[in-house]
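Thank you all for coming; I would like to walk you through one model this morning, starting with a pair of annotated residues and working outwards from there. Please have a look at it first.

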Amino acid sequence: MRKHIVAGNWKMNNDLAATAGLITDLKRKVNNGDAEVIIAPTYINLHSAFESLSDSNITVAAQNMHQAKSGAYTGEISADMLKSVGVNTVILGHSERRAYFNEGDELLTEKVNAALENEMRVIFCFGEELEDRKAGNQEKVVESQLKNALFHLDASAWSSIVLAYEPVWAIGTGETASPEQAQDMHAFIRKTVAETYNKEVAENVTILYGGSVKPGNAKEIFGKPDVDGGLIGGASLKADDFFEIVNAFA
Ligand code: PEP
């Protein structure tokens, strides 16, 4: 059966001390459900986060990585470097990376390939913009994002892929897709994966919803049959809120 996951994307928040403080608070919390808990601090705090969490079952992920193995790429971080500090999971394709750092399908394909070649797990983000949804094109957009960055992979590679459907209009806006909108899209994604690969791959892939998930709406969203967890931005920065969301699976 596929895994439930609740992942916190801290974005460019929390310096060294704040990272340590939030991790201390998170470690005091109890996961009453069956979801794997992941946090994604900034690059500079990944090592300390990994060390501080070595006696817990919270996983540390990176928010991004470069596709090359090493070399003259000033300011960038490779898969090898992430792995050397204990990080085996990476978020790729977040809408903020796409919007502010020009990450498109072609580059994301290279990043996905590099992560998988390095035996990393990928949380792959995608989702439509508001105009796409207003025009009724959300399924077309999502299908093309998946096709262009992931559908070249062998079926066997999908055990290392987690999908994160994040409608751009719901990220950090306070506006959430309704549980029905999330379910409809997740069912469409699963059907598309089944048609491209097979039913087994589709049934086993974890599909997260992201976009203004809060303690007040998590239970209803996670209650939908094709929603296997969440990628949480703002609400992951407070231990109480984050664990209320984690425990929506209890
Ligand atoms: C995100 O950035 O992935 C996200 C879902 O943010 P928020 O929860 O703040 O909308």
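Let me begin at histidine 94, which, leaving aside its neighbours within four places in sequence, is in contact with Gln63 and Cys125, where contact is taken to be two C-beta atoms, placed from the backbone, lying within 7 Å. Before going further I should say that this is a predicted model, in which local features need pLDDT of at least 70 and side-chain atom pairs count only at pLDDT 80 or more, while totals for chains, interfaces and linings use all residues. Residues are numbered from 1 along each chain as its sequence is written.

Histidine 94 sits in the loop between strand S4 (89–92) and helix H4 (95–100); helices (H or I, at least four residues) and strands (E, at least two) are DSSP runs, numbered from the N terminus. With 27 C-beta neighbours inside 10 Å, histidine 94 counts as buried; the cut-off for buried is 20 or more other C-beta atoms within 10 Å of a residue's own, exposed is 12 or fewer, and partly exposed is in between, again with C-beta atoms placed from the backbone.

Which residues carry the "active site" feature in UniProt? The unreviewed entry places it at His94 and Glu166, and since they span 73 residues in sequence while no two of their C-alpha atoms are more than 8.3 Å apart, they gather at one spot. UniProt positions are given in the numbering used here, with feature names shortened, and such annotations may be inferred rather than shown by experiment.

Glutamate 166 belongs to the loop between strand S6 (161–165) and helix H8 (179–196), and it is buried, with 26 C-beta neighbours inside 10 Å. Residues up to four places away in sequence aside, glutamate 166 touches Ser95, Cys125, Gly127, Ile171, Gly210, Gly211 and Leu231.

Now to the ligand. It is surrounded by 13 residues, the closest being Gly172, Gly210, Ser212, Gly233 and Gly234, and a residue is near a molecule if its C-beta atom, placed from the backbone, lies within 6 Å of it. This shell divides into five nonpolar, seven polar and one charged residue.

The same unreviewed UniProt entry gives "binding site" at Asn9, Trp10, Lys11, Gly172, Ser212, Gly233 and Gly234. They span 226 residues in sequence, yet no two of their C-alpha atoms are more than 14.1 Å apart, so these residues too gather at one spot. Tryptophan 10 is in the loop between strand S1 (5–9) and helix H1 (16–27), and lysine 11 lies in the loop between S1 and H1 as well. Are these two buried or partly exposed? Tryptophan 10 is buried, with 21 other C-beta atoms within 10 Å, whereas lysine 11, with 17 C-beta neighbours inside 10 Å, counts as partly exposed. Not counting residues up to four places away in sequence, tryptophan 10 touches Ile39, Ala40, Pro41, Thr42, Ser236 and Leu237.

I will finish with a helix. In H7, Gln138, Val142, Gln145 and Ala149 are buried, and, seen down the axis of H7, its buried residues fall within an arc of 60° (the arc of the directions from the helix axis to the C-beta atoms), so they line one face of the helix. What covers the buried residues of H7 includes helix H5 (105–117), strand S5 (121–126), helix H6 (130–134) and H8.

Conventions
Ala, Val, Leu, Ile, Met, Phe, Trp, Tyr, Cys and Pro count as nonpolar, Asp, Glu, Lys and Arg as charged, and the others, Gly among them, as polar.
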